[in-house]
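Got the viewer open and ready? Let's take a walk through this one together, one selection at a time.

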Amino acid sequence: MTQPATDTRSVIVERHLPHPPEKVWRALTVNHLLAEWLMETDFVPEPGHRFRFVQDWGSIDCEVVSTEPPRSLAYSWNSQDLETVVSWTLTPVPGGTHLRMEQTGFRKGQARYFGGAQAGWPRFLDALEQLLDHTQQ
Amino acid sequence: MKQTPNPVFRSLADPTRRAIFERLCREGEQTVGTLTRHAGISQPAVSKHLRVLTEADLVSGRPQGREVYYSVRQGALDPLVHWTEQMKTVWEARIDRLEELLNRMDQ
């Protein structure tokens, strides 16, 4: 059985940027630029390419899902058993670009990956969340 | 980017504190004495854990007579329940930095 769609959640951030899509695309795909605002990486914009984002607390394993320069880019974003996909969409608008980031596939019990939660974080949060869902409603 | 560790996660990272917190979730309001009997550590140690939990806004104490009754605060786990909001904040901050970079790239 697959889990119902309501068991996964997305994070969406949208922003108007007063810059052309081609320039935003560069910032999203050129590694020394990515290092300046996101993380150090060995990203290559080719579907199937496996790469990592590296931070002092650990790394995120990724694989390019799709690229359509300068319009859309998607890669998996996995860490431990966190399995999500980050999708970028660049839409040209007068005066710049409408940028949309969507990270999909979060499951409820994955809250432990927030707030700098460390590897090996105990499984208890799953149970605790269920308990609190139960008691706070 | 360095994420600021959430006080909720920080205070629940300790297994003894987690056990105390879970007990308060399950059993409702308890005194330090009752908690101590189940915690297997000294009363001052339990009090110290309760102080950390209180500072993280996870529990609150209600003095009554010579006792203080501790309970889980309403909405204590909102940072976990609404964790997608936190992830959104993380991405907002990243995209703020992207925007700063784009401004610098102009020059």
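**A first pair of partners**

Start by selecting B:Arg62 and B:Tyr69: B:Tyr69, in S3(B), is the bridge partner of B:Arg62. Keep in mind as you click around that this is a predicted model.

Now widen the selection to residues 59–64 of chain B, which is strand S2, and residues 67–72, which is strand S3. Six bridges join S2(B) to S3(B), and the two run antiparallel.

Next, bring in strand S1, residues 30–31 of chain B. You're now looking at an open sheet of three strands in the order S1-S3-S2, with antiparallel pairing. S1 and S2 of chain B stand at the edges with a single partner strand each, so one side of each has no neighbour in the sheet.

What lies across the strands? Select residues 15–27 of chain B: this is helix H2, lying across S1, S2 and S3 of chain B and running at about 85° to S3(B). Then try H4(B), residues 43–55. H4(B) lies across S2 and S3 of chain B, at about 120° to S2(B).

Leave H4(B) selected and add helix H3, residues 32–39 of chain B. The two helices pack at an angle of about 110°, with their axes 9 Å apart. That angle makes H3(B) roughly perpendicular to H4(B).

Which residues meet there? From H3(B), show B:Val32, B:Leu35, B:Thr36 and B:Ala39; from H4(B), show B:Gln43, B:Val46, B:Ser47 and B:Leu50. Colour this contact by residue type and you get five nonpolar, three polar and no charged residues.

How values were computed
Residues are numbered from 1 along each chain as its sequence is written. Chains are lettered from A and ligands numbered from 1 in the order in which they are written. This is a predicted model: local features need pLDDT of at least 70, side-chain atom pairs count only at pLDDT 80 or more; totals for chains, interfaces and linings use all residues. Axes are lines fitted to C-alpha atoms, for helices over the stretch in contact, and angles run from 0 to 180 degrees between N-to-C directions. Helices (H or I, at least four residues) and strands (E, at least two) are DSSP runs, numbered from the N terminus. Angles under 35 degrees count as roughly parallel, over 145 as roughly antiparallel, 65 to 115 as roughly perpendicular and the rest as oblique. Two residues are in contact if their C-beta atoms, placed from the backbone, lie within 7 Å. Ala, Val, Leu, Ile, Met, Phe, Trp, Tyr, Cys and Pro count as nonpolar, Asp, Glu, Lys and Arg as charged, and the others, Gly among them, as polar. Two strands pair if DSSP finds at least two bridges between them.
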